[in-house]
Amino acid sequence: MGNVLSLAVLWPAIRKTVWTWPVQMAGALLLLSASLHAHVPGNVLKQLLFLVLACYGWLTWTRGTRDHRELLVRPGSRRERLTLLGLLVIGTVLVAELFEHLSWLHIAWSPWANAYVFVGSAIATFAQSRALVDFWIIWMLVDLVGVPLALKPGL
């Protein structure tokens, strides 16, 4: 159900409604519960991060639609794109190192892939919260690794 809600986020996001964020929060809460049950601490951290980013997205989208103005959805600037890409690379390296060296996270299978999905998911959600259309591309790239990775522990 958490995955269904996470996919259902697309419908309100396309329509630029702030309700995309409560749907995302509900999906993250359900996936948090599933991750706790499956004893997947790295995914628990990812879902907690999604909850924080969804709250941020809700606040920024609410501010962007005050006074009945339409939310300004736009492509990222060159600087924003380079910053997001840099954060993806640096963040993946740092998080992969943490995943490799923190045994309590139980990231035995591909800490680098898990780090990429963790950081990429955060960056995609952040880009969405800023109403950057680039978040669609980031999500597709993350899902190329994330979907097979989620099937490994049965999530």
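In this predicted model, W61 sits within helix α4, which covers residues 41-64. With a relative accessibility of 3%, W61 counts as buried, because the cut-off for that class is under 20%. Its surroundings can be listed residue by residue: setting aside residues up to four places away in sequence, W61 touches A13, K16, T17, V18, T20, W21, L71, Q128, S129 and A131. One of these partners, T17, is 44 residues from W61 along the chain, yet the C-alpha atoms of W61 and T17 are separated by 8.1 Å. Another partner, S129, is met through a polar contact, as the side chain of W61 comes to 3.3 Å from the backbone oxygen of S129.

The view now turns to helix α6, which runs over residues 111-129. The 19 residues of α6 should span 27 Å at 1.5 Å a residue, and the end C-alpha atoms are indeed 27 Å apart, so expectation and model agree. Helix α6 is mostly covered, with 15 of its 19 residues buried. Just after α6, A131 adopts a positive phi of about 65°; A131 is also among the residues that W61 touches.

Within α6 itself, S121 offers a helpful example. At 2% relative accessibility, S121 falls under the 20% cut-off and therefore counts as buried. Leaving out neighbours within four places in sequence, the contacts of S121 are K46, F50, Y116, W139 and V142. Of these, K46 and F50 fall inside the range of α4, residues 41-64, the helix that also holds W61.

Definitions and conventions. Residues numbered from 1 in each chain as written. Predicted model: local features only at pLDDT ≥ 70, side-chain atom pairs only at ≥ 80, totals over all residues. Heavy atoms only, no water. Helix = DSSP H or I, 4+ residues; strand = E, 2+ residues; numbered from the N terminus. Buried < 20%, exposed > 50% of the residue type's maximum accessible area, 1.4 Å probe, protein only. Contact = heavy atoms within 4.5 Å. Polar contact = N/O pair within 3.5 Å; in protein donor to acceptor, adjacent residues only side chain to side chain. Expected span 1.5 Å × (residues − 1).
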